Amino acid sequence: MIKYVCRRCGYEEEAERWLWKCPKCGSPLSVEGDIGEKKVTLGEGNTPLVRLFGMGESVRFKLDYLNPTGSFKDRGTSVALSEALKRSIGCVVEDSSGNAGISVAAYSAASGIWATIVVPKDAPEGKKKLIKALGADLVEAEDRQSATSKAMELEAKGCAYVGHQWNPWFIRGVEGIADEITKNLGRVPEAVIFPTSSGTLLLGLYYGFKKLDKMPRLFAVQASGFSPLYESIHGKSNLPESSVADALRVQNPPRLEEMKEAVLKSKGDALVVSDKEIISALSKLLKAGALVEPSSAAALAGYYKLLESKQIDKGSEVVVILTGSGLKYSDVLSSLS
């Protein structure tokens with residue numbers, strides 16, 4: 001049986017209707033049980049795990065920016081849209097800084113579902129153009145938080161909300177990356193390092209590795225000024241607000257307590273990196289042939305910070321996840337050359 005479960009109040013029900021929050025207490029839901037085959041796919045997953053020149057023999061990079069729409073978000077979108085289609089949902093709405101919006105627009109087009117994507121007005125123009133090119137309605141909001149509020153308003157007018165911050169099906173889709181890393185490597189690595197904002201990748205990794213009965217240390221890297229997970233563990237960060245990590249701009253993730261549990265129970269940590277550190281890491285990745293967006297480079301910046309603090313050793317077997325494609329950022333990347 002597939003069921004919705006609220007980890008906060010204990011509410012449960014069979015997953016026959018579309019839910020994205022607990023009807024009893026309003027908290028995020030989880031989905032438990034075997035969800036079976038996907039109905040909507042563009043070939044997501046099974047991305048390469050490689051070494052990159054000059055980065056060291058013990059570090060491998062999971063190239064998840066090579067998913068169909070250039071983002072790891074395709075993993076979760078495929079499952080979320082598959083479940084929407086199973087319930088004969090014909091209209092969805094998503095709030096996004098860009099990557100999830102592009103993903104939902106593409107998978108909606110592939111499934112014949114109408115999509116409305118709400119983005120902050122300062123989202124990258126290239127991402128907004130891609131959303132519109134894929135046939136979705138684009139709505140702009142004042143900022144990232146306002147985009148979430150606006151999407152929920154639109155849901156009340158008749159569309160199903162598939163926002164990746166809340167949607168429990170989305171996280172189930174991301175869980176598969178843990179199994180892939182383990183199969184690619186032949187074992188569970190000592191540590192996995194990745195960018196974090198709303199927490200979907202962190203929680204997908206955590207629940208995915210739990211099913212494998214061996215947990216690597218999970219290190220969630222946040223951008224300065226957008227680091228609620230870091231601050232919930234370590235206190236206030238005084239670094240200035242990031243202007244380059246647009247994909248990591250979530251201030252109030254609804255699953256913050258779950259996120260905190262994931263890093264602490266894995267004996268990992270949350271850390272915050274500055275724009276200077278992100279740009280330096282991005283330059284190194286580009287020179288190694290990895291065409292990623294700035295927010296992805298936060299993961300490598302985090303790796304260097306962990307080495308400096310001696311939280312991990314240089315010889316530790318580490319996987320760094322690169323989450324988004326730099327092809328959406330040609331103007332930004334050209335300025336770094």
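**Exercises: a disulfide and a central strand**

A disulfide (a pair of cysteine sulfur atoms within 2.5 Å) joins Cys91 to Cys159, with an S to S distance of 1.7 Å. The model is predicted: local features need pLDDT of at least 70, side-chain atom pairs count only at pLDDT 80 or more, and totals for chains, interfaces and linings use all residues. Residues are numbered from 1 along each chain as its sequence is written, and side-chain values use heavy atoms, without hydrogens and water.

**Exercise 1.** Find the handedness of the disulfide of Cys91 and Cys159, and place both residues.

Solution.
- Step 1: the torsion about the S-S bond is about 50°, so the disulfide is right-handed.
- Step 2: Cys91 lies in strand β6, while Cys159 lies in the loop between α4 (144–155) and β9 (160–161), 68 residues apart. Helices (H or I, at least four residues) and strands (E, at least two) are DSSP runs, numbered from the N terminus.
- Step 3: both Cys91 and Cys159 are buried, that is, under 20% relative accessible area, with exposed over 50% and partly exposed in between (1.4 Å probe, protein chains only).

**Exercise 2.** Decide whether Cys22 is buried or exposed, and state its nearest cysteine sulfur.

Solution.
- Step 1: Cys22 has 3% relative accessibility and counts as buried.
- Step 2: the nearest cysteine sulfur is that of Cys9, 3.7 Å away, and Cys22 is in no disulfide.

**Exercise 3.** Describe the surroundings of strand β7 (residues 114–120).

Solution.
- Step 1: 6 of its 7 residues are buried, so β7 is largely enclosed by the rest of the structure.
- Step 2: β7 pairs in the parallel sense with β6 (residues 91–95) over 5 bridges; pairing takes at least two DSSP bridges between two strands.
- Step 3: β7 also runs parallel to β8 (residues 137–141), joined by 5 bridges.
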